[in-house]
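This report describes a ligand site and a sheet. Please view the sequence and the structure together while reading.

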Amino acid sequence: MVVNKLLGLFSNDLAIDLGTANTLVYAKGKGIVCSEPSVVAVRKDARGGKSVKAVGREAKEMLGRTPGSIVAIRPMKDGVIADFEITEAMLRYFIQRAHNRRKLMRPRIVICVPFGITEVEKRAVRESAEQAGAREVYLIEEPMAAAIGAGLPIAEPSGNMIVDVGGGTTEVAVISLSGIVYSQSVRVGGDKMDEAIVQHMKRKYNLLVGERTAEMIKCTIGTAYPTDEVMTMEVKGRDLVAGLPKTLEVNSDEIRDALQEPINAIVEAVRIALERTPPELSADIVDKGIVLAGGGALLKNLDILLREETGLPVLIADDPMSSVVLGSGQTLDEIELLREVADNSY
Ligand SMILES: Nc1ncnc2c1ncn2[C@@H]1O[C@H](COP(=O)(O)OP(=O)(O)OP(=O)(O)O)[C@@H](O)[C@H]1O
């Protein structure tokens, strides 16, 4: 008992939301200790060797701005590992940062994965965390973690619907009695919205903008449903015809049109989930509504659009970008909960 208490006190257990866009780390007893973009800048030498130059925010600043010898890489794509080696380097960096760079720690790690990824993809995440220094690895499905983090009563025999709109994926899940009754993951999220804006700028204005600029446009004037006032913003890019830098003004109406395809895919995923939900649980969702989490939940008026399209109440989680990591962090404190929701299918 005393030993257990002491172990708890000196625990270095971590929960990690290894996301396509952002990685968040929660340390037991401390809360969120790190929240950074999932980007790594790598320097290549003449012999083809690679070394990590920067990770996180510093590396994101470099996206699209690197000289030939350095590449800024996003090692996660569509919610899964696209570059194993770089993901491992990134995890190692974040784990060490969470432990104030003390290298000897071998923590127990709870790590989130999108629902519906393959066994091979799960193994890649697990091995990557082990290589990065984890002693034990538990995988939790993202919608479950998001629901716990958003404070939904997941253990009750009652339907809870969570929609987690991330950078690479959108996960729609219905949860009851600590289990996922139905879930669908579509590989559409904030990244596809950014791409749609890049395409729009190219098609309408012959203006080439980078993904960072596109993301800024989305977060500043992007909307899913008309706002009372039309918003405008100045955008800088390269004119594809003249080849010179150019500034022009775009408005929220045209950006909403540009975002239609990815947004429709999200609405469709919610609609399908509702159609396939068992009737008793549907009845619960009519009363309780849908809860939105993930950074994409911050897209202006996405809640209003979903309310219009489904006729159900739609709420946004308190801190949507942190729901997943907060939910997984909670399982570090409640071992019973971890046993119930961790995926041990490998
Ligand atoms: N105010 C905003 N409006 C619209 N989108 C936003 C806003 N703030 C953040 N986002 C978007 O949210 C996304 C990141 O969300 P989040 O951190 O939840 O994703 P992730 O967990 O990294 O991704 P995934 O779950 O797919 O692995 C990015 O695409 C970002 O552009």
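Helix α7 gives the most to the shell around the ligand, with three residues. Helices here are DSSP runs of H or I of at least four residues, strands are runs of E of at least two, and both are numbered from the N terminus. The model is predicted: local features need pLDDT of at least 70, side-chain atom pairs count only at pLDDT 80 or more, and totals for chains, interfaces and linings use all residues. Residues are numbered from 1 along each chain as its sequence is written.

In total, 23 residues surround the ligand, the closest being Gly19, Ala21, Gly166, Gly190 and Gly295; a residue is near a molecule if its C-beta atom, placed from the backbone, lies within 6 Å of it. The elements that give two or more residues to this shell are α6 (190-205) and α7 (211-221).

| Class of shell residue | Number |
|---|---|
| Nonpolar | five residues |
| Polar | 14 residues |
| Charged | four residues |

Gly counts as polar in this scheme, and Ala as nonpolar.

An open sheet of five strands follows the order β13-β12-β11-β17-β18, with mixed pairing. Its edge strands, β13 (179-186) and β18 (314-316), each pair on one side only, where pairing requires at least two DSSP bridges between two strands. From one strand to the next, the twist averages 20°. Strand β12 (residues 170-176) runs antiparallel to β13 and is joined to it by seven bridges; glutamate 171 stands opposite serine 185 in β13.

Helix α5 (residues 142-149) lies across β11 (160-165), β12, β13 and β17 (290-293), running at about 110° to β11. Contact means C-beta atoms, placed from the backbone, within 7 Å; axes are lines fitted to C-alpha atoms, for helices over the stretch in contact, and angles run from 0 to 180 degrees between N-to-C directions.

How values were computed
Two residues are in contact if their C-beta atoms, placed from the backbone, lie within 7 Å.
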